[in-house]
Amino acid sequence: MSNITAKYVEEYIRGLIPLKEDFLFEIQEYAYKNNVPIVHPEVAQLLKVLTMMKKPKRVLEIGTAIGYSALTMASCMDHDSRIITIERQEDMVKIAKSNIKNKGYENKIEVLKGEAETVLKELDEKFDLIFLDAAKGKYKEFFSYFIDNLNDGGIIVSDNVLFKGMVATDELVIRRKKTIVKRMRDYLKYISNHEFLETCVIPIGDGVAITYKKEVK
Ligand SMILES: C[S@@+](CC[C@H](N)C(=O)[O-])C[C@H]1O[C@@H](n2cnc3c(N)ncnc32)[C@H](O)[C@@H]1O
């Protein structure tokens, strides 16, 4: 139970996704068996649809894990498009690279090993879509590093923004998560009220925020 959506709604939505046909099925299974956190199936589906609609040439992902969401997006992108994904854990980077190679996407997805805080400061490329899925307490900090690298008309997808429901109500907040919750609330307030951004929060998975960077005329 995610505390975000009623279980029967979540199960129904998941039931609509043709998982068995998913070419990433075994990577998803590996993640579940080994407790590797990956996007919820309905969030993977959202990423697919957004990628198909936006047709990004350049995608930045923060938080690779074993490459599941990067491969999900890559499978919906044009042949001349590219993903840069950042991961700090050596073991994850290794598995992600191997999964990406096995699926034939090594020319499309580049995994950068390091702390996102450091790697982001060195990136001088522009992106059309940025997927934020690491270190929930640092989203606003990451945002400050990457926002100038997002093209006008670009999209930010931020995962886990409702964080097991805790972000929406104090009643669910457990003491050791107080700082993360406060920071996430600050981030959501910031991206919801920013002059050049338009944001909506969708209560699927662990909560997803979709943010559009307005074109400045
Ligand atoms: C939720 S997982 C990413 C899942 C992946 N996006 C997917 O759905 O397939 C978050 C990952 O971010 C990494 N991470 C956490 N903080 C980070 C940081 N500051 N810099 C780089 N990676 C970080 C973790 O090691 C973890 O593998």
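A polar contact is a pair of N or O atoms within 3.5 Å. Keep that cut-off in mind as you look at this predicted model and the ligand it holds.

Start with Glu-117, where a polar side-chain atom lies 3.1 Å from a nitrogen atom of the ligand. That distance is within 3.5 Å, so the pair counts as a polar contact. Gln-89 also reaches the ligand through its side chain: one of its polar atoms lies 3.0 Å from a ligand oxygen atom. Arg-88 takes part through its backbone instead, with an N or O atom 3.3 Å from a nitrogen atom of the ligand. On its own the ligand would expose 610 Å², and the protein buries 93% of that area.

Now step back to see the surroundings. The ligand occupies the largest pocket, with 21 residues around it. Val-39, Gly-63, Ser-69, Glu-87 and Asp-133 are the closest of these. Sorted by class, this shell contains 10 nonpolar, five polar and six charged residues. Two helices to find are helix 4 (68-74) and helix 6 (116-122), as each supplies at least two residues of the shell.

Finally, turn to the charged side chains. Side chains of opposite charge can pair when their charged atoms come close. The structure holds 14 salt bridges, and one of them joins the side chains of Glu-10 and Arg-14, at 3.9 Å from N to O. You can find both residues in helix 1 (residues 7-15), where Glu-10 and Arg-14 are four residues apart, about one turn of the helix.

Key
Residues numbered from 1 in each chain as written. Predicted model: local features only at pLDDT ≥ 70, side-chain atom pairs only at ≥ 80, totals over all residues. Heavy atoms only, no water. Near = heavy atom within 4 Å. Polar contact = N/O pair within 3.5 Å; in protein donor to acceptor, adjacent residues only side chain to side chain. Areas by Shrake-Rupley, 256 points an atom, 1.4 Å probe, with all protein chains shown as cover. 1 Å grid on protein atoms, 1.4 Å probe; cavity = no way out; pocket = protein on both sides within 12 Å on 5 of 7 lines; lining within 4 Å. Sits in = over half its atoms within 2 Å of the grid points. Nonpolar A, V, L, I, M, F, W, Y, C, P; charged D, E, K, R; others polar. Salt bridge = Lys/Arg side-chain N within 4 Å of Asp/Glu carboxyl O.
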